[in-house]
Amino acid sequence: MLDTKRDTPPPAAGRAGMKKELPEHFKDYRHVWVFIELERGQVHPVSFELLGEGRKLADKLGVELAGVVLGPPGEATWHAVAEAFAYGADLAYIVEAPLLADYRNEPFTKAMTDLVETYKPEVLLLGATTLGRDLAGSVATTLLTGLTADCTELDVDADGSLAATRPTFGGSLLCTIYTLNCRPQMATVRPRVMAMPERMNKPVGRVIQHEVPMVEEEIVTKALGFLSDGQSSNANLAYADVVVAGGLGLGAAENLKLVKNLARVIGAEYGCSRPLVQKGWMPADRQIGQTGKTIRPKLYIAAGISGAIQHRVGVGGADLIVAINTDPNAPIFDFAHLGVVTDAIRFLPSLTEVFTHRLSPHSRDKLAN
Amino acid sequence: MHILICIKQVPDSAQIRVHPVTNTIMRQGVPTIINPYDLFALEEALRLRDCHGGEVTVLTMGPPMAEDALRKALTYGADRAVLLTDRYFAGSDTLATSFALSQAIAKIGETFGAPDIVFTGKQTIDGDTAQVGPGIAKRLDLLQLTYVAKIVSIDLDAREITVERRSEGGTQTLMTKLPCLITMLEGTNEIRRGSLDDALRAARSQIVKWNAADAGIEDLTKCGLRGSPTVVKRVFAPTARAEKAEQIDTTEKTSRDLAEELIAGIFSRQPALEDELAFDGDD
């Protein structure tokens, strides 16, 4: 957002205060849609998290919740439809075409905009993944509607408008954004920001199959190959149950092994705060925070991390946050549950050792006896 | 080839402070920088020019002071800088921003030659939306390549480009046609040190300054606050958690004692964890 003359975006003034009525041709836009992100046969879990949020919005609005599945003909695509129902969708729109096998911007944008123009949803939610962000920007610009990125809270206003709240200025402030005079109201949400809803065991719903006239010859961009991250993947970080992370308090890149050792012993994923990525100590996809990964583990251990707001935004959903820092006034102690004021470099080896002892099968047997 | 790169001048976000009472950004004295993500795109643009010949034009939209960011880009070796500045652009959201920038890019094309590639950074550090790049691509009908980690090859005769693009679970190789828009992933290169020649040239360079009319924008209702479908209705500070962390007393304790106490604290709060934590080290 460009703000040339103000220090902050405007408060409830301008058009938002005018309560301008929705243009007539947008009034028949109804229902809440969630884009079900299907890539290489797998549904990204963020789609289920969005269905959970979408369900709440649809219930408040008294409308239906639909999943949108774009994919190649075949089992995986229909499995995605069944999963959408299992996570709360009332119906699913499906576009099946061979050219939707690999994600490419052109055919996906065409299929999505065609669906929106035909069936007219009032809300369209997408995951803020590399795929979802690539698609959302194109779709919103084609439809000339509003798109709010990386929302942390979605709600419905008294007059039925989507109130999309997102961090701004690196998480120092939150702002609530409306799309008043255009439809659909579009928003993206990052993985793990919303809780995973219960999976239900009655995957039934209506299916609307939609044809989009597209031929491969008209699609300029060609997908030549895909190299999976495979086992070395750090995609698990966002969805890990236990995470250990290090910050500048570790002092030197070599001390990151203390974090990795602890992570190995307790079966955790490891990560870091932003300064370590900026120093080149860890790759960017291990970064936890507003501009990195959002995590919601059962246990999060932060070693030598001061807890800047941008980090806090990414870990707020953890069940239990343990902070280790030499500075008793570090902001991390404002949102951690358990704190130890000590030097992480000296403390981590002891913590690793005691965990090793406590978790080894041998000592468990002894405890059982 | 003609390569165009869009940059943004942003406050150095690490130094942003929020006024505790008024909840406004205290920007006085906060230095501005070129959005760090844009530097990866700028370096890639300069490398392509060095390799294939041609020119790099750098474009920004912002207040008059954004000229500083353009001049900095010139010191790295960009050939030409265009500043799009007009009070009509104030309050633009991403849709209005992509409109103004795409109009300016079309005008740059008419004036200095159509760009073969338009670069942007992955996103900005103040807005963090990653929407303006795709918006420009759509409005100019450019093929869109986002999160590009590597430009594998460019065939200027066939007008073809092959790139590696970061996707969620791996790396996708895509081939498309020029002209295209590329948003560059971070960490893919390192911005060069500008030469002394470039520094001298940057200091002397005349920066092209366009207002809306100069950029050929006739419909001002598509600009600024009026052209923005999104409206910021409320700005507020995140609520603090009610209580602070429970501190484990560290006085006169060995690291080992502390560790025992911390682990006991963890398991008393989350008893299920004791069975879930997997020991997979060497016994």
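Student: Which domains does the domain assignment give for chain A?

Tutor: The model is a predicted one, and the bounds for chain A come from an automatic or database domain assignment. That assignment divides chain A into domain 1 (18–218) and domain 2 (231–368).

Student: How many residues of domain 1 of chain A are in contact with domain 2 of chain A, and how do they divide by character?

Tutor: The C-alpha centres of domain 1 of chain A and domain 2 of chain A lie 33 Å apart, and on the domain 2 side 11 residues take part in the contact. On the domain 1 side of chain A there are nine residues, which divide into four nonpolar, three polar and two charged.

Student: What radius of gyration does chain B have, beside that of a compact globule of 283 residues?

Tutor: The C-alpha trace of chain B spans about 70 × 50 × 40 Å along its principal axes, and 47% of the 283 residues of chain B count as buried. For a compact globule of 283 residues one would expect a radius of gyration near 19 Å, whereas chain B has 24 Å.

Student: Which strands pair with β6(B), and what is the handedness of the crossover that leaves β6(B)?

Tutor: Strand β1 (residues 2–6) of chain B runs parallel to β6(B) and is joined to it by five bridges, with B:Ile3 opposite B:Val56. Strand β7 (residues 80–84) of chain B also pairs with β6(B) in the parallel sense over five bridges, and B:Arg80 is the bridge partner of B:Thr57. From β6(B) the chain passes through helix α2 (residues 67–76) of chain B to β7(B), and this β-α-β crossover is right-handed.

Notes
Residues are numbered from 1 along each chain as its sequence is written. Chains are lettered from A and ligands numbered from 1 in the order in which they are written. This is a predicted model: local features need pLDDT of at least 70, side-chain atom pairs count only at pLDDT 80 or more; totals for chains, interfaces and linings use all residues. The radius of gyration is taken over C-alpha atoms; the globule rule is 2.2 Å times the number of residues to the power 0.38. A residue is buried if 20 or more other C-beta atoms lie within 10 Å of its own, exposed if 12 or fewer, and partly exposed in between; C-beta atoms are placed from the backbone. Two residues are in contact if their C-beta atoms, placed from the backbone, lie within 7 Å. Ala, Val, Leu, Ile, Met, Phe, Trp, Tyr, Cys and Pro count as nonpolar, Asp, Glu, Lys and Arg as charged, and the others, Gly among them, as polar. Two strands pair if DSSP finds at least two bridges between them. Helices (H or I, at least four residues) and strands (E, at least two) are DSSP runs, numbered from the N terminus. A crossover is right-handed if, with the strands pointing away from the viewer, the path from the first strand over the helix to the second runs clockwise.
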